[in-house]
Each structure stands twice: as structure tokens, then as C-alpha cells.
Amino acid sequence: MVTFGLLLAGVATVPASAATGTVPAAAREVLPVDDGWANGTTGGSAATDDHVSVVRTRDELATALAVAGTAPRIILVAGTLRPDGDCASYADPGYSLDAFLAAYQGVTTKPAGPLEDARVRSAKTQAADVQLKVPSNTTIFGLANARLVGLNLLVAGSDNVIIRNLRLEDAADCFPAWDPTDGSAGNWNSAYDLITLTGSTHVWADHNTFSDGNNVDADQPLYYGRPYQVHDGALDVIRASDLVTISYNVFQEHDKTMLIGSTNTVGADVGKLRVTIHHNRFANTGQRVPRVRFGQVDVYDNYYYATDEDTYQYSWGVGVYSAIYAENNFFLRSADIPLDAAVYNWGGPGMTEKGTLTRVGTGPITEVNLLAEYNATHDPDLATDAGWTPTLRPGPLTPAARVPAVVTAQSGAGRLVLK
């Protein structure tokens, strides 16, 4: 493990902080009191000098994450980190996409046989390279222009994690799985999010920028008449994860953006999946912003920018036993995106919505209740009370009319002071 002090001279864009001596002050920040469900998260803020690293490659990041023990650690990301391999190097000798497509054309059950087995082996090889597990008591902080491209940060079974100031791009699956039973026409399903929280607690994701880079799903081909989906979520919260705050991030040009809860089955998720989402910018995201099952999810002061009617599906997905509380959100939209499209019923009971403003292009700003718009054109109605009221908010809400300006000025990677 290489310490920050040993590598500082090679990072000319990052001055030493007088407050910490070695580490940018923002890398030692903790989640402020009452700032959402992850209140109390400290990550690696208390790391001693021998538990601070600067990483410049995928392998250095993997090594820093794999250090044994639960002592707090800070990992500072410098430059652009990518996987070691690529799709060609991951492919099993027995696999080719052309052969796969020919073998399973018209099959109505999930693929089985040598080519599917070869696809699975290929996928396992890719996973070993692109998935990086984040342990407890860790802060991952991006230095100037830090990017993770093609990598999946997997926060699995961990507690007390902070991820800030990173650009995360294009965690593309080279070997999506075909499921002809998924929906009426089948679907291709990919394996990797940019950040995955699974079975984890006390996680703060802040001031990051999530995107597909130059490899957007809208440009993917159709196979079996369905989009060849190479991306999964941008930031997913699944399998009884709990106590999460997602703040001041930018999510852009991505389809399946944020899934909270991955199953309709009553079990470990009950009483968990409590997430706060505030001051984020969602720009031309297709769906799941968020889609929720079970969790009490506080969605406030977010800026939704939806101008691509060809890719937009919905924003708030109301799933089974979910309890979304949405307040003071702002929707800038194309006139081709109807107001009743913003809410989607995935079998949920209902939600609370208040203080929403909308605008078409440069037109007038108007008050709207998107849930009421949905209920006016759909049956059955969703209930209009989520059954709870958030209390973990650090101060007065930003007025919805000011949300676009505040979020645009303050959200995303590169906004934190690196000193």
C-alpha cells in the first residue's frame, strides 16, 4: 500500500491541506448531522497516515481496497482508472456473439447449453476484472479529474462507506444475458452498475458524476428485436441495504438509473432500503429515478431534465410496499413528454408528493402534482399518502424554483475544494 505522503509530489494539481497536513480536507469530511438516512456515516475520515493511499491504476485501487482489517482508510483516486482487459480478452474460446445469436434464435426458454455456458465463463472473467469490492470504514475520494471507466464499485456487506468526487462511466457488460421470458418480448440484461450497494449500511454517495460516457444505450443494436442492453444501474441499492444518502450528484444519459430494492418478495428488505436522495441532477435518464420497493425514500430538491422523448420512460417508480416522499423537485421537460408519464405504478400502494414545479423549455414555470396527473389517466389510482414524514433533513429545503440554479452550480464531480 502506497501512502499519500509518498505520492503527493506526483499529483501536482492537489496542494497539501493545512488542516490535515497530507489529505484534502474534503476527503476527511463526514456526513453532516441529520443529512438523510445515512446520518452518522464517517467512512474513512479518521484514517491514520499509513491508511491513506493514492491510486492511479485499477490494480492499485484493488490493492488498496483489499488491505485486511477494519481500520478506517482513505483512498484518493488520481487520473483515469480502467480495467486491465477488454471484451476480446474476456471472451471464452467457446463463445462468440454471432454463434450465440444463431443458436438461440426463437428459443422461448432461458438459454442452456455449450454456448450459454461459454457466455457465463466469459462473464465471470470480466467480473473478476471490473468488480471491485469496497470494505467497511472506507472513503473513496476523487482528486482533480478522477475517473473510473468500465469499473463497478461493489459495496457488498459493508458498513460506513463514503464515495465522493468521482466521474464514473460506462460499466458496460461485454456478455449480456438473454431472457426470452422477461416481459412480453424478452430482454437482454447486463450485470454491472457503476456503484452497487448490496447488503450494506451507512453509505454516503456525494458529488459524483455518473454516465455511459460515449457508449450510450441508445446507440446499441437490436438483437432478437430487443435493445442489446450493456448497462445496468448507475447507482443501485439492493438486498436489504439501508441508511443511504445520495446527494449533489449528476446522473446523465443513462437508462436504468437507480433501483432501490431488487425483489417483490417479502423478506429481508422489510424495514430496510431507507434512502435519501437530494440535490441531484438527472439529465436525460430513461427510468428508475428512482424505482423503489419496500423502502422509505425521501426524494427532495432534485432537478429532473428530460428532453429526449425517445428514451424517457418515467422517473418515480412506485413498487411493492414502497413509500416515496417527494418534495420540492423541479422537472424541465420537452413538450412531447406528458406530465402523467413521470410516475409509474409497479404495484405499489402510493406516494406523497408536494411542491413540484415544471417547465417546458424556456416557457413559464408552473406548479404541478405529477401523481395527480398520473391518477387522472390511469386506473387504479395510487394513494396520495406515503404514510410517513421525513425528519432527517439538515435545514430548510431549497425552494423548488431555485433548485435548477443551485443543483447546476453545486452538483457533480469537480465541485469540491481540493485543499
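Is the crossing of helices H4 and H5 left-handed or right-handed? The crossing of H4 and H5 is left-handed; a crossing is called so if the near helix is turned anticlockwise from the far one by less than a right angle, and right-handed if clockwise.

The structure is a predicted model, in which local features need pLDDT of at least 70, side-chain atom pairs count only at pLDDT 80 or more, and totals for chains, interfaces and linings use all residues. Residues are numbered from 1 along each chain as its sequence is written, and side-chain values use heavy atoms, with hydrogens and water left out.

## The helix pair

Helices (H or I, at least four residues) and strands (E, at least two) are DSSP runs, numbered from the N terminus. Two packed helices are described by the angle between their axes and the distance between the axes. Helix H4 covers residues 97–104 and helix H5 covers residues 114–130; they pack at an angle of about 140°, with axes 9 Å apart. That angle makes H4 oblique to H5. Angles under 35 degrees count as roughly parallel, over 145 as roughly antiparallel, 65 to 115 as roughly perpendicular and the rest as oblique. Axes are lines fitted to C-alpha atoms, for helices over the stretch in contact, and angles run from 0 to 180 degrees between N-to-C directions.

On the H4 side, Ala99, Phe100, Ala103 and Tyr104 make the contact, and on the H5 side Leu115, Glu116 and Arg119 do. Contact means heavy atoms within 4.5 Å. The residues of this contact divide into 5 nonpolar, no polar and 2 charged. In this division Ala, Val, Leu, Ile, Met, Phe, Trp, Tyr, Cys and Pro count as nonpolar, Asp, Glu, Lys and Arg as charged, and the others, Gly among them, as polar.

## The parallel sheet

Strands of a sheet pair through backbone hydrogen bonds, either parallel or antiparallel. Two strands pair here if DSSP finds at least two bridges between them.

One open sheet has 10 strands in the order S1-S2-S5-S8-S13-S18-S21-S24-S27-S30, and its pairing is parallel. Its edge strands, S1 (52–55) and S30 (351–354), each pair on one side only. From one strand to the next, the twist averages 10°. Helix H2 (residues 58–66) packs on this sheet and touches S1, S2 (73–77) and S5 (138–142); the direction of H2 makes about 170° with that of S2. Within the sheet, Val161 stands opposite Val203 in S13.

## The mixed sheet

Another open sheet of 10 strands follows the order S3-S6-S9-S14-S19-S22-S25-S28-S31-S32, with mixed pairing. Its edge strands are S3 (80–81) and S32, each paired on one side only. Helix H7 packs on this sheet, touching S22, S25 (303–306) and S28, and its direction makes about 90° with that of S25.

Phe210 stands opposite Phe251 in S19. The bridge partner of Phe331 in S31 is Thr358, while Leu357 stands opposite Glu367 in S32. The hairpin of S31 and S32 has 5 residues between the strands, and Gly361 there takes a positive phi near 55°.

The table lists strand pairs from the two sheets.

| Strand pair | Sense | Bridges |
|---|---|---|
| S8 (residues 159–164) and S13 (residues 201–206) | parallel | 5 bridges |
| S14 (residues 209–211) and S19 (residues 250–256) | parallel | 2 bridges |
| S28 (residues 330–333) and S31 (residues 357–360) | parallel | 4 bridges |
| S31 and S32 (residues 366–367) | antiparallel | 2 bridges |

## Loops and backbone details

The peptide bond from Val289 to Pro290 is cis, with omega near -10°. Pro290 sits in the loop between S22 (281–287) and S23 (291–292). Asp379 and Pro380 are also joined by a cis peptide bond, with omega about -5°; Pro380 lies in the loop between helix H6 (370–377) and helix H7 (403–410).

Asn137 is not a glycine, yet its phi is positive, at about 60°. This residue is placed in the loop between S4 (131–133) and S5.

Asp170 belongs to the loop between S9 (167–169) and S10 (177–179). Leaving out residues up to four places away in sequence, Asp170 touches Gly150, Leu194, Ser211, Asp212, Gly213, Asn215 and His231. The C-alpha atoms of Asp170 and Ala234 are separated by 9.2 Å, with the two residues 64 apart along the chain.

## The annotated region

An unreviewed UniProt entry places the feature "domain: Pectate lyase" at residues 80–337. UniProt positions are given in the numbering used here, feature names are shortened, and annotations may be inferred rather than shown by experiment. Over residues 80–337, the chain is 11% helix and 40% strand, and the end C-alpha atoms are 36 Å apart.
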